[in-house]
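Me: I am new to this structure and should be grateful for a close look at its aromatic ring pairs. Please explain how they are arranged and what surrounds them.

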Amino acid sequence: MNLSTVEQLPQPVTRFMWRYGAAVVMTLLAIWGRTLLHPWLRDQCPFSLFYLSVLTTAWIAGTGPAVFSIILGTLAAAHLFVKPESSLLIDDVPDLVQLSIYVIVNVVATLLFNRLERQRYLAERRSSENESLSQSLRAADQRKDEFLALLAHELRNPLAPIRSSLALLDIKSSSPDAVNRAREVIQRQTNNLVRITDDLLDVSRFSRGMVELQKQRLDLHDAIADAVEMTEGMFREKSHRFHLLVPDTPVMVEGDRVRLAQLTANLLDNAAKYTPSCGRINLQVEREANVVSISVSDNGIGFSPAEADRLLEPFMQVDASRTREYGGLGVGLTIVNRLASLHGGQLTLSSRGPGLGSCFTVTLPELASVASLDSNKVAVDSPDRTTAAANTTAAKGRKLLIVEDNHDASSLLAELFELEGFVVRVARDGIEALQEAGADPPDIVISDIGLPGMDGFEIARRLRRSTTTARLRLIALTGWGGPADRELAIRAGFDVHLVKPIAFRELLRHVHGTASATNAETRQAELV
């Protein structure tokens with residue numbers, strides 16, 4: 001067999017041949033050396049050089065070839081150097097003892113070599129794993145630093161105009177135009193802060209599997225309309241040409257309207273962010289084989305097709321420079337991808353390359369269409385002005401207790417509710433809240449959870465245990481918004497659990513809802 005033939009053999013076969021060939025070569029060298037020494041040693045020390053051949057084989061070829069070398073050495077010594085020569089029989093007891101010692105010593109030595117080899121392999125593997133882990137930790141630490149720098153930048157952006165607006169109010173508080181302009185800036189930038197916070201919380205919830213959808217049968221047109229309403233301001237700011245192409249008939253899906261609106265809004269927000277001024281953005285809804293697709297395309301900066309998978313990772317962006325021309329935290333597409341998966345669909349990304357625009361498509365299972373939706377949907381989604389006026393009238397003279405240790409938050413909230421007609425009192429901690437509620441029971445209590453001395457859970461439990469305050473309507477308004485926190489609040493006795501920050505109108509709607517429930521219970525008690 002020539003060298004070219006050996007090279008053509010499979011690698012395991014070649015490795016086997018070289019390893020066991022080493023055992024044969026080492027044994028032949030031991031035979032040659034013992035033959036040279038035979039005139040002086042004669043029949044003494046017949047196994048002497050074979051020790052060396054076995055140890056050398058174990059070192060360079062491993063355990064199997066070393067055992068093979070022991071067998072070859074035993075046969076060679078017995079045949080060539082132990083009397084009777086040219087025979088494998090050993091009659092002399094000392095020679096049998098030497099053979100036994102030879103075999104035992106070499107087996108032990110081979111096992112030690114094998115153990116050392118295994119330890120070396122484990123040490124190398126651990127070293128490789130440690131190096132890989134070290135690189136991962138360094139990369140994670142670098143991403144953490146980059147994210148913190150990015151987050152600081154994104155938070156400072158809305159905070160700067162808010163501070164400037166407050167300074168303007170100090171200087172021109174008597175000017176209605178200045179007040180209105182400052183109010184609009186503060187409102188807009190506060191909404192940006194809320195959006196950043198919500199995105200970060202959503203990514204955290206998704207990573208821990210804590211997002212629960214409130215699925216129902218709905219027309220996708222409604223979620224699309226909500227999303228367009230949320231993002232049309234960005235289109236106006238950059239003079240984008242926005243085109244909406246949707247079927248004329250209902251597109252029925254099973255999903256969470258709020259989350260589907262968030263999904264679509266994130267796609268539109270992403271397109272608006274990365275499309276230059278006066279650019280084109282299209283939103284198209286199509287049906288095909290029981291599947292509905294939501295596609296958002298633009299003629300913006302685009303991306304390399306090789307970056308498609310990377311863009312779905314949290315905090316990854318096409319624009320990674322320090323100029324931060326496009327802003328954002330790089331979590332929008334991550335949220336879209338997770339929401340699409342939770343709805344039984346998927347997100348696909350496509351672009352012909354940098355500067356050539358992009359297209360993001362979400363596919364969802366479609367339900368059979370129906371002629372009409374729930375009869376009460378319009379009343380729930382779009383309350384009319386008559387209802388709002390009735391709520392304001394019903395609030396006149398109703399007593400409200402706000403439990404909040406943050407002075408600015410409680411004072412502003414109290415002033416807003418007083419403008420709505422409520423009689424408002426404020427408590428700074430749990431003890432003061434219990435005293436206020438016991439002295440003059442309010443109709444509704446809005447309480448924070450994280451309070452000094454006594455938390456909101458304990459306040460709710462004590463109010464429920466007292467006969468004078470057991471029927472109060474309790475609303476938890478807190479920064480703790482996980483499912484476990486909501487469950488704890490309900491168990492403690494709260495009727496509603498709301499998460500900060502919340503728009504005042506939404507909070508007012510919940511207060512009116514609890515007030516209506518209180519009125520109904522009061523009328524029922526009077527009838528009884």
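Reply: F422 is buried in this predicted model, with a relative accessible area of 4%. Its ring partner F417 is likewise buried, at 0% relative accessibility. Both values fall under the 20% limit that defines a buried residue. The ring centres of F417 and F422 lie 5.6 Å apart and their planes stand at 90°, so the pair counts as edge-to-face. An angle over 60 degrees is what places a pair in that class.

In total, the structure holds seven aromatic pairs. Another of them joins F16 and Y20: here the ring centres are 4.6 Å apart and the planes meet at 35°, so this pair is tilted. F16 and Y20 both belong to helix α2, which covers residues 11-41; because they are four residues apart, about one helical turn separates them. F16 is partly exposed, with 48% relative accessibility, and Y20 is also partly exposed, at 23%. Ring pairs further link F16 and Y20 with F68, and the three form a cluster.

Turning to the strands, five of them form an open sheet with parallel pairing, in the order β9-β8-β10-β11-β12. Strands β9 (423-427) and β12 (496-499) occupy the edges; each has a single partner strand, so one side of each lacks a neighbour in the sheet. From one strand to the next, the twist averages 20°. The partner of β12 is β11, residues 473-478, and these two strands pair in the parallel sense over four bridges. Within this pairing, L477 stands opposite L498 of β12.

Definitions and conventions
Residues numbered from 1 in each chain as written. Predicted model: local features only at pLDDT ≥ 70, side-chain atom pairs only at ≥ 80, totals over all residues. Heavy atoms only, no water. Pairing = 2+ DSSP bridges. Axes fitted to C-alpha atoms, helices over the stretch in contact; angles between N-to-C directions. Phe/Tyr/Trp six-rings, centres within 6.5 Å; stacked < 30°, edge-to-face > 60°. Buried < 20%, exposed > 50% of the residue type's maximum accessible area, 1.4 Å probe, protein only.
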